[in-house]
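Please take a moment to look at the sequence and the 3D structure below before reading on. The paragraphs that follow lead through a few parts of the structure, one after another.

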Amino acid sequence: MIFKKLFSSEEGHIFSGNRKMDKAATSSFRVRHLLFSVLAIGMAQGHAWAEENLPTIKVNAAPADTQAADCTVVGKDEVKSKSIATSDTAGLLKNTPGVNLQSGGGVSSLPTIHGLADDRLRIKVDGMDLVSACANHMNPPLSYIDPSNVGSATVFAGISPVSMGGDSIGGTILVKSESPEFAKPGEGTLLKGQVGAFYRSNGNVVGGNVSATAATETASVRYNGSTVKANNYKAATAFKAAGLAAVDRGWLAGDEVGSSMYEATNHALAIDVLNGDNMIDLKLGLQDIPKQGWTNQRMDMTGNKSIQANLGVTSEFDWGNLESRVYFENTKHSMQFGQDKQFLYGGVALGMPMDTEGKNLGASLKANIDLSSADLLRVGAEYQQYRLDDWWNPSGGAMMAPNVFWNINGGKRDRMAVYSEWESQINSSWLSQLGLRFERVDMNTGAVQGYNTMMAFQGAESAAFNATNRKKVDNNIDATALVRFTPDENKTIEFGYAMKTRSPNLYERYTWSTAGMMMRMVNMAGDGNGYVGNLNLKPETSHTISATVDLHDTDKKQWGVKVSPYYTYISDHVDAARCSSANANCGAANQTATNSFVYLQFVNQSAHLYGVDLSGDLLVSDNSYGSVTAKGLMNYVRGKNKVTRENLYNIMPLNGHMILEHALGGWSSSVDVEMVAAKKKVSKVRNEMVTGGYTLVNLHSTYQWKQVRLDVGVSNLLDRFYNHPLGGAYLGQGATMGTAVPWGVAVPGMGRSIFAGVTIDL
């Protein structure tokens, strides 16, 4: 029984095996022992490699690794098409049912699924669980892979299997880089490459990418490099007065969105060895983001360097397959005020340097066991060891000197999990899946200190925090139950229940200062408010029921419609409440303010969300003039806090797309009409702003000629001004360290942008 997803392309075999990442161990010593054991197991399974010269291709008659739950796959062709118009990997998920994007930096937006975002989603990149090492979550998982290196993305918006869940209460996003290619038998050495370049008019965005592959029949080496640089983008019309961005900064036009520039470079090296029933894959990554402005945060990214090493072993047996993986990732992240935000304060304080370092070590072991021709059992174990330091060097003046301010010192967040999942094809019409997962999350942090222990609250609050028992251990349980009914070739009905649990992140539990300036620097929501952590936070647990009805023609090429309603109740939901302490920032004015930024503390409160996703497609015509396909998509979600009776923050209003696609020979074109309703149901505790409804028109055309591909298009064709409902508060310019930034200005969306790109296969 050999790899189930080995298939050939025009130039070689492309391996696309299902290698899911899982983790296991209990301590630093056991982790090292496990890592060596995993490698030893992988090598033992491949003992016959030296005796075999060519890969064997067989088909396994056992049930496929379906993972059962309904999901959406963004394939290679769609990825390549979208990557010309965006440098943000999360942007590749646009037009996916249930998914919206929360604005961030130019390469670092956050996907939301059914109103849940950021750490509430399980996001894996090539099997790695990456962690955002930043008080503003400026380096989310998807920012670590460039769109040009993405081979596919899979989104579970409803019920996520326990084998893909863990430490999350929302959906799951799995992103994989390009699959390796191998030479055909007798072909000798496969050598190929690709170069690409693109330009986008709004923001004067220029970028390029290159890839090269050298492969034999059993080994493949691939390099992928990319770079992009962008200036500030412009809104369709002026949304503020023109003038100096800050007293010590340059000029900004009224329509220029401050702090929206970015620059990024990524390098990735993949080495794959295939022989018989085994495969080893090694991926190495290097990222450098020297600058990335943030329009809805008080700080900008002034450096983000990351290194990654990711080793996996997959082996096939008569009884199923075994997947193992180990990885390490190290991020060094810096924040400061960028080119549009005031740098000098009080004549002595040179900005506010903030540094973060995160170290992430993980391991996993997973077995897919064919119990029978109709039953598949998945068992696995996972381990993740995460360390975080977040410190702010002294900058000058009495407020920010003479000490280093330790926001989080020696933060520790370790996860250990085991799970079991049984999938059964009961008969030709019924399939079921049951899963159970246990996860232990161990958290702690060291002693902290303020800039100046003599300043109000810095000394007293740090001493009080240091005197507490900061060790937290959570024992979390996930469970899923799902059934799928396929009465005939035209219908599939799926219904499921999931209980999922997420422990708070380090910032939610361990940030400690209620000094106004310090609180304003801790914000993962983009709302301009200040936040402080809460040592007493409990894990949040979601209970979701979801259904999917999928109607289609027999071959799924003529028409299809899918509707997915859902309901989620969350106990101990980590929300926010106006902070209360002796500090004046948390006083009476903060409790009643309705038109200003406020100070908040993370708290546990119950909440619920409900909604529906609707999508469909129809082949309108297919003749000598080409094929015309109409597609539609609609998402609706509603979220409320059950304790305060208020609306949850950053909930996307009713939105949808109507898309018309045409294809003829090497030409393919599309018209995408994006429609968003007004956002009126907002979070009062955060003083969230309402936004108006809007309609955007986007055009895209592609021509493929032999080894050359040309892409051209226009985003926001009619140059419509709009505020994105998940864009947050505009903090792109001015004295953002203080309280002088005006409240009530939403981040505007991008005006018209013409884009063009060329890709050449070598």
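Which residues does Gln342 touch, not counting residues up to four places away in sequence? In this predicted model, Gln342 touches Ala246, Val247, Asp248, Arg249, Phe337, Gly734 and Ala735. To find Gln342, look in the loop between strand S20 (320-336) and strand S21 (344-345). Gln342 has a relative accessible area of 12%, and because buried means under 20%, Gln342 counts as buried. A polar atom of the side chain of Gln342 lies 2.9 Å from the backbone oxygen of Leu344. For a sense of distance, Gln342 and Gly188 are 154 residues apart in sequence, and from C-alpha to C-alpha they are 60 Å apart in space.

Another buried residue can be found in strand S11 (residues 181-182), where Glu181 lies. The relative accessibility of Glu181 is 8%, so Glu181 counts as buried. The side chain of Glu181 also makes a polar contact, at 3.2 Å, with the side chain of Lys192.

Burial can be followed along a helix as well. In helix H3 (residues 458-466), the residues Gln458, Gly459, Glu461, Ser462 and Phe465 are buried. The elements against which the buried residues of H3 pack are strand S25 (405-425), helix H4 (506-510) and helix H5 (516-520).

The next topic is how strands are arranged in sheets. Strands of a sheet pair through backbone hydrogen bonds, and the pairing may be either parallel or antiparallel. One open sheet in this model has 5 strands in the order S3-S9-S10-S7-S8, and its pairing is mixed. Strand S3 (72-74) and strand S8 (128-129) stand at the edges of this sheet, and because each has a single partner strand, one side of each is left without a neighbour in the sheet. Helix H2 (residues 76-83) packs on the sheet, where it touches S3 and strand S9 (150-156), and the direction of H2 makes about 105° with that of S9. At the S8 edge, strand S7 (residues 122-125) is joined to S8 by 2 bridges, and the two strands run antiparallel. Within this pair, Val125 stands opposite Met128 in S8.

Strand S32 (residues 599-623) shows how one strand can take part in several pairings. Strand S29 (residues 530-532) is joined to S32 by 3 bridges and runs parallel to S32, with Tyr531 standing opposite Leu600. Strand S31 (residues 559-578) pairs with S32 in the antiparallel sense over 18 bridges, and in that pairing Val574 has Asn604 as its bridge partner in S32. Strand S33 (residues 626-641) is also antiparallel to S32, joined to S32 by 16 bridges, and here the bridge partner of Gly611 is Val637 in S33. S32 and S33 form a hairpin, with 2 residues between them.

The last topic is the space enclosed within the protein. How many cavities of 30 Å³ or more does the count give? The count comes to 11 cavities of 30 Å³ or more, and the largest cavity holds about 480 Å³ of space. This largest cavity is lined by 26 residues, of which Arg120, Met524, Ala525, Tyr649 and Arg686 are the closest to its centre. Strand S5 (110-113), strand S6 (116-117), S31 and S32 each supply at least two residues of this lining, and the largest share, 3 residues, comes from S31.

Note on methods. Residues are numbered from 1 along each chain as its sequence is written. This is a predicted model: local features need pLDDT of at least 70, side-chain atom pairs count only at pLDDT 80 or more; totals for chains, interfaces and linings use all residues. Side-chain values use heavy atoms; hydrogens and water are left out. Two strands pair if DSSP finds at least two bridges between them. Helices (H or I, at least four residues) and strands (E, at least two) are DSSP runs, numbered from the N terminus. Contact means heavy atoms within 4.5 Å. Axes are lines fitted to C-alpha atoms, for helices over the stretch in contact, and angles run from 0 to 180 degrees between N-to-C directions. Buried means under 20% relative accessible area, exposed over 50%, partly exposed in between (1.4 Å probe, protein chains only). A polar contact is a pair of N or O atoms within 3.5 Å; within protein, one must be able to donate a hydrogen and the other to accept it, and residues adjacent in sequence count only if both atoms are side-chain atoms. On a 1 Å grid over the protein atoms alone, a cavity is a set of points where a 1.4 Å probe fits but cannot get out, and a pocket is an open set with protein on both sides within 12 Å along at least five of seven lines; lining residues have an atom within 4 Å of a point. Grid points are joined across faces, edges and corners, and a volume is the space filled by probe spheres set on the points.
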